[in-house]
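I opened this model to see how its parts fit together. My notes follow in the order I looked things up.

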Amino acid sequence: GSSILINGAAGGVGSAAVQIAKALGAHVTAVCSAPDVDRVKSWGADRVINRTAEPAFVQNLAAE
């Protein structure tokens, strides 16, 4: 199966991307801020990374 990382998963485009990716059978890892974690999980994300709790991950992601 395919995997996808969606940055900004709680936004308008990100929320659609999470749902479309799940509908197509992908394993979804989503990045969002703390207040949005539960909502993004409810859309089907397999893993949600809280960008405010894991800033080192986000900094490394932005550097690539």
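**Entry 1: a loop residue, Glu54**

I fixed my terms before starting: buried means under 20% relative accessible area, exposed means over 50%, and partly exposed lies in between. I also note that this is a predicted model.

Is Glu54 buried, exposed or partly exposed? I read a relative accessibility of 31% for Glu54, so the residue counts as partly exposed. I located Glu54 in the loop between β3 and α3 (55-63). Not counting residues up to four places away in sequence, Glu54 touches Arg47 and Ile49. I also checked Glu54 against Val31. The two are 23 residues apart in sequence, and their C-alpha atoms are 9.9 Å apart in space.

**Entry 2: another loop residue, Ser33**

I went next to the loop between β2 and α2, where Ser33 sits. Ser33 has a relative accessible area of 14%, so I logged it as buried. What does Ser33 touch, leaving out residues up to four places away in sequence? I found Asn50, Arg51 and Thr52.

**Entry 3: the overall layout**

I stepped back to the whole chain. I counted three helices and three strands in the protein. Read from the N terminus, the order is β-α-β-α-β-α. The protein has 64 residues, and 33% of them are buried. I then looked at contacts with a separation of 6 or more. Of these, 34% are between residues 24 or more positions apart.

**Entry 4: the strands**

How do β2 and β3 run relative to each other, parallel or antiparallel? They run parallel, and four bridges join β2 to β3 (residues 47-50). I picked out one pairing: Ala30 has Val48 in β3 as its bridge partner. I then followed the chain from β2 through α2 to β3. This β-α-β crossover is right-handed.

**Entry 5: helix α1**

I checked the length of α1 first. At 1.5 Å a residue, its twelve residues should span 16 Å, and the end C-alpha atoms are 17 Å apart, which agrees.

Which residues of α1 are buried? I listed Gly14, Ser15, Val18 and Ala21. Seen down the axis of α1, the buried residues fall within an arc of 135 degrees, so they line one face of the helix. They pack against β1 (3-7), β2 and α2. On the face turned away from the buried side of α1, I found the exposed residues Gly12, Val13, Ile20 and Ala23. Just after α1, I noted that Gly25 takes a positive phi of about 90 degrees.

**Entry 6: the nonpolar core**

I ended with the largest nonpolar core, which has 13 residues. Which members touch the most other members? They are Val18, Val40 and Ala45. I traced where the core residues come from. At least two are supplied by each of α1 (12-23), β2 (27-32) and α2 (37-42). With three residues, β2 gives the most to this core.

I took Val18 for a closer look, since it came up on the buried side of α1 as well. I left aside its neighbours within four places in sequence. Val18 is then in contact with Ile6, Ala9, Val28, Ala30, Val40, Trp43, Gly44 and Ala45. Two of these names, Val40 and Ala45, I had already written down among the core members with the most partners.

Note on methods:
Residues are numbered from 1 along each chain as its sequence is written. This is a predicted model: local features need pLDDT of at least 70, side-chain atom pairs count only at pLDDT 80 or more; totals for chains, interfaces and linings use all residues. Side-chain values use heavy atoms; hydrogens and water are left out. A nonpolar core is a set of buried Ala, Val, Leu, Ile, Met, Phe, Trp, Tyr and Cys residues joined through side-chain atoms within 4.5 Å. Buried means under 20% relative accessible area, exposed over 50%, partly exposed in between (1.4 Å probe, protein chains only). Contact means heavy atoms within 4.5 Å. The expected span of a helix is 1.5 Å times one less than its number of residues. The arc is that of the directions from the helix axis to the C-beta atoms. Two strands pair if DSSP finds at least two bridges between them. A crossover is right-handed if, with the strands pointing away from the viewer, the path from the first strand over the helix to the second runs clockwise.
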